[in-house]
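Reader: Hi! Could you walk me through some helix packing and the hollow spaces in this one?
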Amino acid sequence: MTAGTREFDLIVFGATGFVGLLTARHLAKHAPDGVRIALAGRTQAKLEKVRVELGERAREWGIVVADVDKPSTLDAMVARTTVLCSTVGPYALYGETVVGACVNAGTHYTDLTGEVLFARRSIDKFHEQAVANGTKIVHSCGFDSIPSDLGTFLLYERARADDAGTLGATTLVIRSIRGGASGGTIASAIGLADEVSTDRDARRVAGRPHSLSVDHTRETPKQPGDLSVVDAKTVDPSLTGKLAPFFMASYNTRVVRRSNGLLDFAYGPDFTYRETMAVPGPPVVTAVTARAVQGALAVGMAALAIKPLRPVLDRVLPSPGEGPSEKSQAKGSFIADVYTRTTGGRRYRSTIGARLDPGYSGTAVMLGESSLALALDSDTARGGAPLPERAGVLTPAVALGDVLADRLRAQNFTVTVDELA
């Protein structure tokens with residue numbers, strides 16, 4: 001498929017939902033002039049209302065009615081666009097048919113999934129076909145998992161440019177985070193908890209460190225656990241105290257390892273990857289806090305699987321399609337550092353951060369820019385800096401690489417790589 005030959009460059013599917021609307025708002029403000037965008041969902045009137053709310057720049061945007069329960073409407077939708085950006089989740093329930101329609105039509109695809117079972121099924125069912133027809137299926141284009149995936153990829157590129165050897169032990173540290181968990185993320189977590197509690201195969205896939213990998217037999221055999229408390233000095237000598245486990249490690253780590261495999265294991269034979277979160281206070285306090293976070297995560301994951309608790313959780317947790325006010329989002333921010341020591345003995349740190357709510361406004365920017373990259377940056381005739389020549393079920397780093405890094409910098413994200421003395 002040649003970019004620009006279809007009616008639309010980009011369709012936002014689920015535009016009336018919370019994150020879908022945020023993504024559409026970002027595109028209305030920041031998409032270049034001339035980009036042909038449409039809003040898609042189940043209800044014409046709601047889509048038209050959203051278009052009006054988006055203002056003058058969206059006045060000519062298309063409206064497409066499509067429903068995941070009506071596959072023919074999905075086929076018709078994806079045939080009209082170069083890229084489909086889907087915010088319709090939980091993806092385990094609604095995503096597979098959409099991805100299948102995109103692959104059949106040769107339509108590039110982005111989403112926000114943090115669901116390991118859905119991603120694995122997508123790989124198994126669609127990767128080879130997408131490779132064959134040149135389609136890029138790019139999952140996890142939000143806070144899950146761009147800081148993790150792109151941050152590690154940038155370290156690899158810097159170490160290679162410096163002839164510093166390959167990557168060794170690599171650790172993400174969420175230095176700071178302020179923002180809420182989305183209702184969609186929580187619904188996805190509940191769905192995963194239900195499936196792994198009743199399906200032995202699903203439980204095995206979810207628990208494998210290499211569950212999204214290209215070839216697990218070529219992976220470094222021993223990877224760190226997802227719920228470990230980590231001595232910060234083992235990450236980098238500049239750090240002190242203890243680091244708590246990061247609550248999305250069980251997904252993001254698998255994405256990073258898939259990137260390594262898709263790049264023919266270029267990160268190196270000694271590459272290991274884990275994710276942590278900094279906690280405030282002096283070392284003795286961080287030890288207690290990190291253990292408390294570890295325990296809370298374990299209890300929380302177990303609680304999601306207990307169905308009699310669901311009515312209580314429903315009262316205190318946001319529902320899918322819900323989110324915080326603009327005022328609350330304006331207080332959000334995140335800084336994610338990824339540390340590595342190369343086989344040449346040199347130390348590096350990449351940093352990705354923004355003064356945006358990570359799960360909402362920040363994710364909308366990351367998803368919007370990922371989608372624009374697929375729509376525009378593969379088309380050199382329209383001024384694009386060409387994307388990597390890869391197709392299949394990909395990761396953000398492998399599909400978009402430096403193009404995405406530059407796009408995020410242009411949106412006032414911090415995206416840096418530094419060598420540490």
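Author: Happy to; we can take helix pairs and hollow spaces in turn. This is a predicted model, in which local features need pLDDT of at least 70, side-chain atom pairs count only at pLDDT 80 or more, and totals for chains, interfaces and linings use all residues. Residues are numbered from 1 along each chain as its sequence is written, and side-chain values use heavy atoms, with hydrogens and water left out.

Reader: Great. At what angle do helix α1 and helix α14 cross?
Author: Roughly 60°, and the axes of α1 (residues 18–30) and α14 (residues 361–376) come within 8 Å. Axes here are lines fitted to C-alpha atoms, for helices over the stretch in contact, with angles from 0 to 180 degrees between N-to-C directions. Helices are DSSP runs of H or I with at least four residues, strands are E runs of at least two, and both are numbered from the N terminus.

Reader: What do you call α1 and α14 relative to each other, then?
Author: They are therefore oblique to each other. Angles under 35 degrees count as roughly parallel, over 145 as roughly antiparallel, 65 to 115 as roughly perpendicular, and the rest as oblique.

Reader: Which residues of α1 and α14 make the contact?
Author: From α1 they are Val19, Leu22, Thr23, His26, Leu27 and His30. From α14 they are Ser361, Thr363, Ala364, Val365, Leu367, Gly368, Glu369 and Leu372. Contact means heavy atoms within 4.5 Å. By class, that contact of α1 with α14 has seven nonpolar, six polar and one charged residues. Ala, Val, Leu, Ile, Met, Phe, Trp, Tyr, Cys and Pro count as nonpolar, Asp, Glu, Lys and Arg as charged, and the others, Gly among them, as polar.

Reader: Nice. New topic: what volume does the second largest pocket have?
Author: About 460 Å³. On a 1 Å grid over the protein atoms alone, a pocket is an open set of points with protein on both sides within 12 Å along at least five of seven lines, while a cavity is a set where a 1.4 Å probe fits but cannot get out; lining residues have an atom within 4 Å of a point. Grid points are joined across faces, edges and corners, and a volume is the space filled by probe spheres set on the points.

Reader: Which lining residues are closest to the centre of that second largest pocket?
Author: Of the 18 that line the second largest pocket, Leu22, Arg25, His26, Lys29 and Ser361 are the closest to its centre. Helix α1 gives the most to this lining, with six residues. The lining divides into seven nonpolar, six polar and five charged residues.

Reader: And how many cavities of 30 Å³ or more are there?
Author: Two, from a search of the whole structure. The largest cavity has a volume of about 80 Å³, and the second largest about 30 Å³.

Reader: What lines the largest cavity?
Author: Ala119, Ile123, His139, Ser140, Leu212, Tyr251, Val255, Arg258, Val393, Leu394 and Thr395 line the largest cavity. The largest share, three residues, comes from α10.

Reader: Which strand gives the most to the lining of the second largest cavity?
Author: Strand β10 (residues 272–278), with three residues. The lining of this second largest cavity has three nonpolar, three polar and three charged residues.

Reader: Last one: how do helix α3 and helix α4 cross?
Author: At roughly 45°, with the axes of α3 (residues 71–78) and α4 (residues 91–105) coming within 9 Å. That makes α3 oblique to α4.
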